[in-house]
Structure formats: C-alpha cells, structure tokens
Amino acid sequence: MACAVKLRLEGERCAGHGRCYELAPDVFGEDERGHCRLLREDVPAELQEQARLGVSNCPERAIEIESD
Ligand code: SF4
C-alpha cells in the first residue's frame, strides 16, 4: 500500500484561479475569497492521483506535495 503524502499550501502565492479545487474537489476546497483551502493535509492513496493533478495545474505553484 502506498504511503500517505502530505500537502503544503503557500497561501500568499495563491491567486484564486480555482484550478486545484475544480480538478481535485476531494482534496482542495475554496475559502470565502475563492482561494485554496486544504481539505486534508494527509492524502490517502486513493486520492493521490487527484492531489497530484491539482498540484501540477496550479499556475502559481502555491501547493506542493511534501513527502512521498
Ligand atoms: S490553483 Fe493554485 S492559485 Fe489557483 S486556487 Fe488553487 S492553489 Fe490557488
């Protein structure tokens, strides 16, 4: 079984494009300004593909996968 990965959000970099939470709605959510909010920091195996999709589509590189 794959290990859980951790997500890190650099809130200052987030510009609120919403790509992360549109592509990965089980991992990322939006706050009242439309900026990213982590729904979970530890991502279980079944959501890792979704998490990576969100991370790789953030134009501001505001979210990172910390560990694998
Ligand atoms: S895609 Fe990036 S910049 Fe856009 S809301 Fe998500 S974290 Fe913020």
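A strand here is a DSSP run of E of at least two residues, and strands are numbered from the N terminus. L7 has its place in one of them, strand β1. The model is predicted. The chain has 2 helices and 5 strands, and a ligand with 13 residues around it.

**Overall fold**

- From the N terminus on, the order of elements is β-α-β-β-β-α-β.
- The radius of gyration of the chain is 11 Å, close to the 11 Å that the globule rule gives for 68 residues, so the chain is as compact as a globular protein of that length.
- Along its principal axes, the C-alpha trace spans about 35 × 20 × 15 Å.
- Of the 68 residues, 22% count as buried.
- Among contacts with a separation of 6 or more, 62% come from residues 24 or more positions apart.

**Ligand surroundings**

- The closest of the 13 residues around the ligand are C14, H17, C20, C36 and C58.
- By class, this shell holds 7 nonpolar, 4 polar and 2 charged residues.
- C20 is one of the closest residues to the ligand, and C20 also ranks among the core residues with the most contacts inside the core.
- C36 shares both roles: C36 is listed with the closest residues to the ligand and with the best-connected residues of the core.

**Nonpolar core**

- The largest nonpolar core has 14 residues.
- Those with the most contacts inside the core are C20, A24, F28, C36, A51 and I63.
- Two elements, α1 and α2, give two or more residues to this core.
- Beyond its neighbours within four places in sequence, C20 is in contact with F28, C36, G54, N57, C58 and I63.

**Helix α2**

- Helix α2 covers residues 48–56.
- Its buried residues are A51, G54 and V55.
- Seen down the axis of α2, these buried residues fall within an arc of 100°, so they line one face of the helix.
- In an α-helix there are 3.6 residues a turn, so residues three or four places apart point the same way.
- The buried residues of α2 pack against two elements early in the chain, β1 (5–9) and α1 (19–23).
- They also pack against β2 (28–30), β4 (42–43) and β5.

**Strand β1**

- L7 is buried, with 22 other C-beta atoms within 10 Å; the cut-off for buried is 20 or more.
- Leaving aside neighbours within four places in sequence, L7 is in contact with L38, E41, V43, A51, I63, I65 and E66.
- One of these partners, A51, is a buried residue of α2.
- L7 and G18 are 11 residues apart in sequence, and their C-alpha atoms are 17 Å apart in space.
- V5 also lies in strand β1.
- V5 is partly exposed, with 19 other C-beta atoms within 10 Å.
- V5 and A51 are 46 residues apart in sequence, yet 9.3 Å apart in space, C-alpha to C-alpha.

**Loop between α2 and β5**

- P59 has its place in this loop, and A62 lies there too.
- R61 is in the loop as well, ahead of β5 (63–67).
- A62 counts as buried, with 20 C-beta neighbours inside 10 Å.
- Not counting residues up to four places away in sequence, A62 touches L9, E10, R13, C14 and C36.
- Two of those partners, C14 and C36, are among the closest residues to the ligand.
- A62 and R13 are 49 residues apart in sequence but 5.2 Å apart in space, C-alpha to C-alpha.
- P59 is exposed, with 10 other C-beta atoms within 10 Å.
- Outside its neighbours within four places in sequence, P59 is in contact with H17 and R19.
- P59 and L47 are 12 residues apart in sequence and 21 Å apart in space, C-alpha to C-alpha.
- R61 is exposed, with 11 other C-beta atoms within 10 Å.
- Phi of R61 is near 50°, a positive value in a residue other than glycine.
- Most residues other than glycine have a negative phi.

Note on methods
Residues are numbered from 1 along each chain as its sequence is written. This is a predicted model: local features need pLDDT of at least 70, side-chain atom pairs count only at pLDDT 80 or more; totals for chains, interfaces and linings use all residues. A residue is near a molecule or strand if its C-beta atom, placed from the backbone, lies within 6 Å of it. Ala, Val, Leu, Ile, Met, Phe, Trp, Tyr, Cys and Pro count as nonpolar, Asp, Glu, Lys and Arg as charged, and the others, Gly among them, as polar. Helices (H or I, at least four residues) and strands (E, at least two) are DSSP runs, numbered from the N terminus. The radius of gyration is taken over C-alpha atoms; the globule rule is 2.2 Å times the number of residues to the power 0.38. A residue is buried if 20 or more other C-beta atoms lie within 10 Å of its own, exposed if 12 or fewer, and partly exposed in between; C-beta atoms are placed from the backbone. Two residues are in contact if their C-beta atoms, placed from the backbone, lie within 7 Å. The arc is that of the directions from the helix axis to the C-beta atoms. A nonpolar core is a set of buried Ala, Val, Leu, Ile, Met, Phe, Trp, Tyr and Cys residues joined through C-beta atoms within 7 Å.
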